[in-house]
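Biologist: Got a minute to go through the charged pairs in this one? Let's pull it up first.

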Amino acid sequence: MIDLAALRQAVRRHGAVARVVVAEVKGSTPRGAGTDMIVWPTGFSGTIGGGHLEWQALRDARAFLAGETAVHVIRHALGPALAQCCGGAVTLVSERIDAAWLDQWDGATVIARPVVPGAAETPKSQRAAWSGVSSPRLIDNWLIEPLQRDKHDVIIHGAGHVGQALAHMLAPLPDFAVTLVDGRAEWRNLAQDD
């Protein structure tokens, strides 16, 4: 899912950024479709799985930011050429994201755009089906992604073993923003380390 709030924040801090998203996977891969990272000339946030694949994607995204192209699609076999033993294949889409790109999606529930120059226009009947997409899809050279839903704030008071177990269980879920609170200094430090 695409997180427009995170992209807006990155654009405010760094100007234009590149978003690298795993658009499609086949076989064994480090991360699934929809996994992304945001790249700027001097840093990045997120991960697409590490290793040589990520290193090359970072290098390509920074070169891409310095050029004129708005979108780039590359397919990688995760084998000897990348020194990755996963054995699967990924399709990465890198896009230049700036304030104008973000503004065009205000009010959208799904972001669908062509990612290959010359991609054919899709019939309105097919576009209607895109509104129900719950995970990223690469269809006929169009990338269709649902938007990240707003997270529900969960504040857990007490960083003891139960509070920590709840925080560890809820934090990875996409719908929750978890905060663990405790007034005892020794427990606060422990909660912050997690």
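Modeller: Sure. Keep in mind that this is a predicted model. A good place to begin is Arg113 and Glu145, whose side chains form a salt bridge at 2.5 Å, N to O.

Biologist: Where do Arg113 and Glu145 lie?

Modeller: Arg113 is in strand E6 (residues 110-114) and Glu145 is in strand E8, so the salt bridge ties together parts 32 residues apart in sequence.

Biologist: Is Arg113 buried or exposed?

Modeller: Arg113 counts as buried, at 6% relative accessibility. Glu145 is buried too, with a relative accessible area of 0%.

Biologist: OK, and which residues are joined into one network?

Modeller: Salt bridges with shared partners join Arg19, Asp36, Glu95, Arg113 and Glu145.

Biologist: What's the N to O distance for Arg19 and Glu145?

Modeller: Their side chains meet in a salt bridge at 2.8 Å. That pair links distant parts of the chain, with Arg19 in strand E1 (residues 17-26) and Glu145 in strand E8 (residues 142-146), 126 residues apart. Arg19 is buried, at a relative accessible area of 0%.

Biologist: Switching topic: what does Arg59 form a salt bridge with?

Modeller: With Asp60, and the closest N and O atoms are 3.3 Å apart.

Biologist: Why does Arg59 count as partly exposed?

Modeller: Because its relative accessibility is 42%, and partly exposed runs between the 20% and 50% cut-offs. Asp60 is also partly exposed, with a relative accessible area of 25%.

Biologist: Last one: how many salt bridges does the count come to?

Modeller: Seven.

How values were computed
Residues are numbered from 1 along each chain as its sequence is written. This is a predicted model: local features need pLDDT of at least 70, side-chain atom pairs count only at pLDDT 80 or more; totals for chains, interfaces and linings use all residues. Side-chain values use heavy atoms; hydrogens and water are left out. A salt bridge is a side-chain nitrogen of Lys or Arg within 4 Å of a carboxyl oxygen of Asp or Glu. Helices (H or I, at least four residues) and strands (E, at least two) are DSSP runs, numbered from the N terminus. Buried means under 20% relative accessible area, exposed over 50%, partly exposed in between (1.4 Å probe, protein chains only).
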